[in-house]
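Biologist: Could you take me closely through the aromatic pairs of this protein, and then set them beside whatever else can be said about their surroundings? I would like one connected account rather than a list.

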Amino acid sequence: MAFNSLLVSLFRPNVKLNLGAQTTFAIVRVVVGIMMVHNGFDKLANIESFAAAYVEYLGLPFPIFLSYVAAYTELIGAPLVAFGFLTRPAAFGLLGTMCVAMYHHIKVAGLSLPYLELSAIYAAIFLFFTVNGAGLFSIDGLLTYWLNKNALSEKAKQVMKLEKSFEASSAEKTTVAS
């Protein structure tokens, strides 16, 4: 039971319960997840060059290893965020890569907004999803409902349209069984 409640707390969204907000969160999550994937591919295209230009420059140890960690965090974490599955841990990993990117930009160009802009926007979005979860229109939201039907409020279930669809499928099964 403790493991189940841990899973529910990992997946349960912590956001506003109206259709417009949930739709917007889903759109932002999908767009940012899709846009982030190419960064991982770019790193893998020439990992040695990335390691030298970014990781070694910052003085971090094991530059090739850390470059692979960053690349695969972006390649795996970004689609997870887009689908809304394991969103909090995926967003947290992506937030970490963006914080390192921001540090690199500050070290190279100081507090120059054109250099910081994109990584700061990504970092803010990933911080939002780390704190709030994926929202109701996500795999995490469905898993929360599946793991514990009482974990979501009645309003959340109505926004997700779960009550009507599950009631309809239960009624169909009862009718077919009769």
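Modeller: What follows is a look at the aromatic pairs, then at a surface patch and a loop residue. Please keep in mind that this is a predicted model, in which the mean pLDDT is 87 and 88% of the residues reach 70 or more. Confidence varies between the elements: helix α4 (residues 63–83) has the highest mean pLDDT, at 97, whereas helix α9 (residues 162–177) has the lowest, at 54.

A search of the whole structure finds five aromatic pairs, and one of them is made by F25 and F128, whose ring centres are 5.2 Å apart with the planes at 45°, so that this pair is classed as tilted. The two partners come from distant parts of the chain, since F25 belongs to helix α2 and F128 to helix α6, with their positions 103 residues apart. Their surroundings can be told apart by accessibility: F25 counts as buried because its relative accessibility, 18%, falls under the 20% limit, while F128, with a relative accessible area of 29%, is partly exposed. Nor do these two stand alone, for F25, F128 and F129 form one aromatic cluster.

Another pair, that of F50 and Y54, has its ring centres 4.8 Å apart and its planes at 25°, and it therefore counts as stacked, the limit for that class being under 30 degrees. Here the partners lie within one element, because F50 and Y54 are four residues apart in helix α3 (residues 47–58), a separation of about one helical turn. Of this pair, F50 is buried at 16% relative accessibility, and Y54 is partly exposed at 35%.

Returning to helix α2, which spans residues 19–45, we find V31 there, and V31 is partly exposed, with a relative accessible area of 46%. Together with I27, V30, I34 and M35, V31 makes a nonpolar surface patch of about 450 Å².

The last position to consider is S138, which sits in the loop between α6 (113–132) and α7 (139–147). Although it is a loop residue, S138 is buried, because its relative accessible area of 6% is under 20%. Once its neighbours within four places in sequence are left aside, S138 is in contact with R29, F83 and G84.

Technical notes
Residues are numbered from 1 along each chain as its sequence is written. This is a predicted model: local features need pLDDT of at least 70, side-chain atom pairs count only at pLDDT 80 or more; totals for chains, interfaces and linings use all residues. Side-chain values use heavy atoms; hydrogens and water are left out. Helices (H or I, at least four residues) and strands (E, at least two) are DSSP runs, numbered from the N terminus. Buried means under 20% relative accessible area, exposed over 50%, partly exposed in between (1.4 Å probe, protein chains only). Contact means heavy atoms within 4.5 Å. pLDDT is the predictor's confidence in each residue, from 0 to 100. Patches are made of residues with over 30% relative accessible area and no salt bridge: like charges are joined within 9 Å, nonpolar side chains (Val, Leu, Ile, Met, Phe, Trp, Tyr) within 5 Å. Accessible areas come from the Shrake-Rupley method with a 1.4 Å probe; for residues, only the protein chains shown count as cover. A salt bridge is a side-chain nitrogen of Lys or Arg within 4 Å of a carboxyl oxygen of Asp or Glu. Rings of Phe, Tyr and Trp (its six-membered ring) pair if their centres lie within 6.5 Å; planes under 30 degrees apart count as stacked, over 60 as edge-to-face and the rest as tilted.
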